[in-house]
Amino acid sequence: MDILAKLTGELQIKRWQTEAAVALIDEGNTIPFIARYRKEKTGSLNDEMLRNLNERLTYLRNLEEKKSQAISAIEEQGKLTEEIRSAIEKAETMVAVEDLYRPFRPKRRTRAMIAREKGLESLAELIFSQKTGDLETAAVPYISEAKGVASAQEALAGASDILAEQVSDDADVRTHIRKMTMREGLMTTEAKDEKVQSVYEMYYHFEEPVAKLAGYRVLAINRGEKEKMLTVRLDAPVERILEWLKRRYIRKNEPDSSEFLETMLADSYQRLIAPAIERDIRGELTEKAEDGAIRVFGKNLNQLLMQPPIAGEVVLGWDPAFRTGCKLAVVDATGKVLDTTVIYPTAPTTPAKIAAAKDTLKKLIRKYHISLISLGNGTASRESEAVIVELLKEMSEKVAYVITNEAGASVYSASKLATEEFPQFDVGQRSAASIARRVQDPLAELVKIDPKAIGVGQYQHDMNQKKLGDALEGVVEDCVNQVGVDLNTASASLLEYISGVSKTVAKNIVAYREANGRFMSRKELLNVPKLGPKAFEQCAGFMRISGGTNPLDATSIHPESYEAAGKLLKELGYGPEFITEQSARSIFIGDYAKMARKLGIGEPTLRDMVQELCRPGRDPREDMPQPILRNDVLDIKDLKEGMVLKGTVRNVIDFGAFVDIGVHQDGLVHISRLTDKKFVKHPLEVVSVGDIVEVKVLAVDVAKKRISLSMIL
């Protein structure tokens with residue numbers, strides 16, 4: 001297989017782009033580095049396209065290796081023919097290779113093997129030729145007490161077993177039946193006990209064509225089956241399959257032979273083919289569903305990580321709880337924890353405890369000039385919010401609050417990393433600090449948490465965890481590198497996601513910084529242990545140094561382009577001080593192609609350079625929707641049909657989006673209610689996590705805590 005041609009066709013790019021991208025990947029360059037600093041070579045392929053290319057490249061190379069292994073194994077058995085070799089070499093999927101290799105795969109002891117050991121293979125071949133006449137007469141010579149064949153019927157049964165396995169091992173048969181089942185089959189589910197109420201009730205009597213089965217339904221059914229709530233069956237078009245098998249194998253109208261072969265084909269299908277096909281199809285459905293869910297999770301995670309930071313605020317982080325009290329942490333504008341305490345304003349409580357809690361809060365707000373309260377959305381959040389609103393009404397100081405998704409905060413607070421960061425705090429205090437920092441810089445804080453624990457996906461615990469983990473790590477890596485990091489303040493947790501920086505090197509950077517003081521130049525990175533020239537090339541452009549010896553170190557311009565940047569500024573009549581000016585401005589270039597040739601760089605690099613010089617150190621998160629700051633509270637009981645509210649998209653799934661409208665119960669906007677302007681194939685076409693949207697309340701079920709919303713106002 002020409003892998004490069006295959007990738008070029010699948011990704012609909014040019015051959016030279018594929019060749020360049022593959023060469024750069026093989027040289028050890030990271031995806032963020034290639035996407036940002038090698039645009040000329042790849043034709044400006046973005047990080048998403050490059051990751052897709054890399055994923056398919058890995059699959060196709062593994063496929064070629066699998067083919068080579070299969071051919072070698074068959075050759076060792078002395079059974080390799082040019083026809084088999086050609087079929088394997090032309091196979092385009094792992095499943096196709098498996099089907100072709102199946103007849104040659106070492107098997108456990110089967111009924112067909114036992115029949116062959118009894119010398120019945122030639123009888124099977126004779127029957128298959130359909131030239132036998134009377135079958136029992138043909139089977140008589142194979143009766144042998146020594147071989148354990150007591151009668152003609154036993155001989156025929158053994159021959160049937162041999163033929164059934166032979167038919168089952170036919171790759172063309174499996175391929176055809178698999179396609180027919182995928183096209184015409186039905187997925188059927190039933191409840192193991194209808195009396196038991198569960199989240200799977202809609203699947204208690206469920207039937208849907210396999211071809212139309214949505215990914216989220218596949219994952220829900222799999223979970224229901226795993227939890228022993230559902231029985232699942234794949235109903236294939238059995239009659240049509242058996243008719244096709246008869247047409248394929250029964251060539252003569254000999255009643256005796258035809259009846260025997262029909263019975264054999266039915267046995268081959270029911271006993272050998274159907275169970276394997278069902279496993280294959282369910283595996284394929286699950287894999288596609290997982291891939292779809294991982295893509296959605298990745299998009300949601302990207303939007304969550306790229307939420308704009310609320311800079312320059314002293315924030316009070318509030319981790320709500322009942323019995324154990326609400327943990328508070330005051331964090332200054334740089335993320336440093338100034339104070340921590342515990343208050344008891346939630347049940348079981350007393351008026352005295354509530355008054356004491358408010359008194360503590362007022363003192364903290366006035367002492368540290370707190371301007372924002374970041375309230376976690378977990379247990380007791382609703383009750384805590386009511387206290388906050390009462391408090392704000394009693395104070396003259398201007399303080400707002402924001403509801404912060406605390407998913408993963410408990411995972412972080414109990415982690416080794418949190419223990420190292422806050423050895424003097426307990427898990428509750430660490431969690432409160434994390435909730436505060438999440439609004440100050442969501443990206444810097446959320447990278448400390450396993451992406452799977454952040455909770456913006458669906459059925460993430462039911463899928464291939466390695467595949468999910470790898471995909472989400474890639475999303476985090478892309479986000480961190482897109483934003484860049486301050487080399488003098490970034491934690492090791494953040495640095496390890498920078499292109500070319502391993503966990504060990506990230507720790508070494510922090511250790512070097514602590515031992516030698518601030519980095520004043522990107523070149524100093526070369527003094528960090530285990531950070532060599534290749535790693536420097538990969539990471540330098542994503543590291544930022546404010547107030548360093550070279551103003552360009554504060555931009556995303558790569559050191560390899562400093563000379564060109566200097567020439568550009570000189571050509572335009574500017575000095576180095578131009579870079580340090582903070583106001584946004586524009587540079588007139590005129591003919592980009594001509595200027596790029598003059599500077600000896602590519603046009604895409606020049607355009608990126610100009611954009612960066614116009615807005616040095618620009619944070620791409622600035623363009624994202626700002627979080628909603630609140631100073632009043634709503635209860636689910638306050639909601640009325642027809643109310644129009646502003647909310648934040650918290651999660652996007654295959655069938656809609658969950659929106660936080662400030663009542664501690666996210667409402668669902670079904671995919672059909674996202675817009676009336678176009679057909680929506682997936683909600684991500686319309687909304688993303690973090691979007692601020694206007695919604696209308698359609699229905700409220702207080703008992704079940706369900707809110708139905710619409711974005712069609």
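**Stop 1: the main core.** Start with the largest nonpolar core of this predicted model. This core has 139 residues. Select Leu245, Ile509 and Met543, the residues with the most contacts inside it. Now colour helix 15, residues 255–305. Helix 15 gives the most to this core, with 17 residues.

Zoom in on Leu245. Which residues does Leu245 contact, leaving aside its neighbours within four places in sequence? Show Val167, Val173 and Ile177, then Ile250, Leu265 and Tyr269. In soluble globular proteins, nonpolar side chains tend to be buried together.

**Stop 2: another core.** Apart from the largest core lies another, of 27 residues. Select Ala21, Leu60, Val97 and Tyr101, which are among them.

**Stop 3: a buried charge.** Go to helix 29, residues 603–614, and pick Glu612. Glu612 is buried yet has no salt bridge. How far away is the nearest side chain of opposite charge? That side chain belongs to Arg36, and it is 5.0 Å away. A salt bridge needs the charged atoms within 4 Å, so this pair does not count.

Next, show Ser556. Its side chain joins that of Glu612 in a polar contact of 3.0 Å. Add Thr555, Ile557, Gly617 and Arg618, which Glu612 also touches.

**Stop 4: two cysteines.** How many disulfides does a search of the whole structure find? Zero. Select Cys479, which is in no disulfide. The nearest cysteine sulfur, that of Cys539, is 19 Å away. Cys479 is buried, with a relative accessible area of 0%.

Finish on Cys539. Cys539 is in no disulfide either. This cysteine is also buried, with a relative accessible area of 0%.

Technical notes: Residues are numbered from 1 along each chain as its sequence is written. This is a predicted model: local features need pLDDT of at least 70, side-chain atom pairs count only at pLDDT 80 or more; totals for chains, interfaces and linings use all residues. Side-chain values use heavy atoms; hydrogens and water are left out. A nonpolar core is a set of buried Ala, Val, Leu, Ile, Met, Phe, Trp, Tyr and Cys residues joined through side-chain atoms within 4.5 Å. Buried means under 20% relative accessible area, exposed over 50%, partly exposed in between (1.4 Å probe, protein chains only). Helices (H or I, at least four residues) and strands (E, at least two) are DSSP runs, numbered from the N terminus. Contact means heavy atoms within 4.5 Å. Lys and Arg count as positive and Asp and Glu as negative; His and the chain ends are not counted. A polar contact is a pair of N or O atoms within 3.5 Å; within protein, one must be able to donate a hydrogen and the other to accept it, and residues adjacent in sequence count only if both atoms are side-chain atoms. A disulfide is a pair of cysteine sulfur atoms within 2.5 Å.
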